[in-house]
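This report goes through one protein chain, from its overall make-up to single side-chain pairs. Please keep the sequence and the structure in view while reading.

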Amino acid sequence: MKGKILIIILIIGVIAAATYYGKDYLIPQQEKKIAKLEDKVNFLKKETVPMRFKILKKDTTDISFAVKFYDQDSVEFTSDTISLQGQELSFDFNVVPIKKDYNIAFPVKIFTNKIPAKNGLSLFKYYDDHGFPQTMTTNGGDEEYIDLMTELFGKIKEGKTEDIKGIYGSMVQDIAKLNEFQVNHIYKIVIHTKGGIEVTEDI
């Protein structure tokens with residue numbers, strides 16, 4: 001009996017050690033890959049617009065809107081028309097600091113005041129190009145850039161972000177009482193690499 005207990009304790013100890021040291025190994029590895037990206041993002045613009053949307057209908061029960069996605073060279077690559085229950089539209093992003101005053105952002109989901117964030121509409125399917133985030137496509141990207149960005153995007157899609165240093169969530173939203181997102185108006189979501197995401201009317 002004592003022998004069995006000792007074996008169980010040893011197994012638990014091995015698992016705990018593997019988890020502890022594994023985490024200590026993975027975080028530096030990911031930091032090294034982020035550091036490599038530093039030299040690969042210099043050609044990216046200081047402000048980018050990965051998404052535009054137009055409110056088509058908004059009433060007491062639902063909101064309908066058309067959305068378009070763009071790459072780093074402002075080329076549209078996909079679009080869709082979406083209808084969700086609710087009146088207040090929210091866009092959720094994951095932001096990754098690459099270096100000082102330089103961040104990149106990944107659209108994560110859309111939700112409303114009637115749909116909680118955890119049940120929001122995932123946006124990954126709109127720009128997942130065989131594992132690469134198409135919103136980050138650019139003529140200046142080489143093979144290493146593609147590989148590093150694909151790996152980073154994969155971790156974000158899977159929710160395995162513990163070893164991505166400094167990653168944080170950012171949200172832009174409408175508030176019904178302010179009625180900022182109006183029917184038949186076109187809006188763009190602007191990513192500022194120095195930090196910050198905003199929605200402005202696309203005039």
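A residue is called buried when its relative accessible area is under 20%, exposed when it is over 50%, and partly exposed in between. The model described here is a predicted one.

**Overall make-up**

The protein chain contains 3 helices and 11 strands. From start to end of the sequence, these elements come in the pattern α-β-β-β-β-β-β-α-β-β-α-β-β-β. The chain has 203 residues, of which 37% count as buried. About 11500 Å² of the protein chain is exposed, and carbon and sulfur atoms supply 54% of that area. Among contacts with a separation of 6 or more, 59% are between residues 24 or more positions apart.

**The four-stranded sheet**

In what order do the 4 strands of the open sheet lie? The order is 6-5-4-9, and the pairing is antiparallel. Strand 6 (121-122) and strand 9 (168-173) are at the edges; each has a single partner strand, so one side of each has no neighbour in the sheet. Strands of a sheet pair through backbone hydrogen bonds, in either a parallel or an antiparallel sense.

Strand 5 covers residues 102-112 and pairs with strand 6 in the antiparallel sense over 2 bridges. The bridge partner of K109 in strand 6 is S122. Helix 3 (residues 143-158) packs on the sheet, where it touches strand 4 (89-99) and strand 5. The direction of helix 3 makes about 35° with that of strand 5.

**Salt bridges**

How many salt bridges does a search of the whole structure find? There are 7, and the table gives three examples.

| Salt bridge | N to O distance |
|---|---|
| D202 and R52 | 2.5 Å |
| D59 and K57 | 3.7 Å |
| K157 and D128 | 2.8 Å |

The side chains of D202 and R52 meet in a salt bridge. D202 lies in the segment after strand 11 (197-201), while R52 belongs to strand 1 (residues 47-58), so this pair ties together parts that are 150 residues apart in sequence. D202 is partly exposed, because its relative accessibility is 26%. R52 is likewise partly exposed, with a relative accessible area of 22%.

The salt bridge of D59 and K57 has its closest N and O atoms 3.7 Å apart. Both residues fall in the middle class of accessibility: D59 is partly exposed at 30%, and K57 is partly exposed at 39%.

The side chains of K157 and D128 form another of the salt bridges. K157 is in helix 3 and D128 in strand 7 (residues 128-129), so the pair ties together parts that are 29 residues apart in sequence. K157 has a relative accessibility of 30% and therefore counts as partly exposed. D128, at 30%, is also partly exposed.

**Aromatic pairs**

The structure holds 12 aromatic pairs. One of them joins F53 and F181 in an edge-to-face arrangement, 5.2 Å centre to centre with 70° between the planes. A pair of aromatic rings is described by the distance of the centres and the angle of the planes.

Which parts of the chain does the pair of F53 and F181 tie together? F53 lies in strand 1 and F181 in the loop between strand 9 and strand 10 (186-192), so the linked parts are 128 residues apart in sequence. Are these two rings buried or exposed? F53 is buried, because its relative accessibility is 1%. F181 is buried as well, because its relative accessibility is 3%.

In the pair of Y127 and F153, the ring centres are 5.1 Å apart and the planes stand at 35°, so the pair is tilted. This pair links distant parts of the chain: Y127 in helix 2 (residues 124-127) and F153 in helix 3, 26 residues apart. Y127 has a relative accessible area of 0% and is therefore buried. F153 is buried too, with a relative accessible area of 0%.

Y127 and F153 also belong to a cluster linked by ring pairs. The residues of this cluster are F69, F77, F106, F124, Y126, Y127 and F153.

Methods: Residues are numbered from 1 along each chain as its sequence is written. This is a predicted model: local features need pLDDT of at least 70, side-chain atom pairs count only at pLDDT 80 or more; totals for chains, interfaces and linings use all residues. Side-chain values use heavy atoms; hydrogens and water are left out. Two strands pair if DSSP finds at least two bridges between them. Contact means heavy atoms within 4.5 Å. Axes are lines fitted to C-alpha atoms, for helices over the stretch in contact, and angles run from 0 to 180 degrees between N-to-C directions. A salt bridge is a side-chain nitrogen of Lys or Arg within 4 Å of a carboxyl oxygen of Asp or Glu. Buried means under 20% relative accessible area, exposed over 50%, partly exposed in between (1.4 Å probe, protein chains only). Accessible areas come from the Shrake-Rupley method with a 1.4 Å probe; for residues, only the protein chains shown count as cover. Rings of Phe, Tyr and Trp (its six-membered ring) pair if their centres lie within 6.5 Å; planes under 30 degrees apart count as stacked, over 60 as edge-to-face and the rest as tilted.
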